[in-house]
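Hello,

Here is the structure for you to look over. My notes follow below it.

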Amino acid sequence: MGRERARIEEVIMDRFVVEAERRVVGIAIRVPGGFRFVASDPEFHSVDRKVFRRARLLVSRVAELGRALRARRAERRGR
């Protein structure tokens, strides 16, 4: 049981779902050199397949992009 649990935790750390603006926008996968972002939302294709040195950096960049996209949509609605 202990060995199986350790393996499950290892797998969880190798890939995770990435959310921005309260929705799933892709996944992060551990690769040599960091984490690769794979977008599931076309609005995030500008960072699709990019490798980030740290998971925290990846999440931060995707969140930043999500905020920028939200601001653009709000501007369009305001015109």
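A word on the source: this is a predicted model.

I began with the strands. β1 and β2 run antiparallel, with 6 bridges joining them. F16 is bridged to A28, a residue of β2. The hairpin of β1 and β2 leaves 2 residues between the strands. E21 in that hairpin has a positive phi, near 55°.

Next, the helix. α2 covers residues 55-78, which is 24 residues. How far apart should its ends be? At 1.5 Å a residue, α2 should span 34 Å. The C-alpha atoms at its ends are 35 Å apart, so expectation and model agree.

Which residues of α2 are buried? They are L58, V62, L65, G66 and L69. What do they pack against? The buried residues of α2 meet four strands: β1 (15-20), β2 (23-31), β3 (34-39) and β4 (51-52).

L58 is a good place to zoom in. This residue lies in helix α2. Its relative accessibility is 0%, and buried means under 20%, so L58 counts as buried. Leaving out residues up to four places away in sequence, L58 touches V18, A28, F35, R36, F37 and F52. A28 in that list is also the bridge partner of F16. F35 sits 23 residues from L58 along the chain, yet their C-alpha atoms are separated by 7.4 Å.

If you open one view, centre it on L58 and show its contacts, including V18, F37 and F52.

Best wishes

Note on methods
Residues are numbered from 1 along each chain as its sequence is written. This is a predicted model: local features need pLDDT of at least 70, side-chain atom pairs count only at pLDDT 80 or more; totals for chains, interfaces and linings use all residues. Side-chain values use heavy atoms; hydrogens and water are left out. The expected span of a helix is 1.5 Å times one less than its number of residues. Buried means under 20% relative accessible area, exposed over 50%, partly exposed in between (1.4 Å probe, protein chains only). Contact means heavy atoms within 4.5 Å. Two strands pair if DSSP finds at least two bridges between them.
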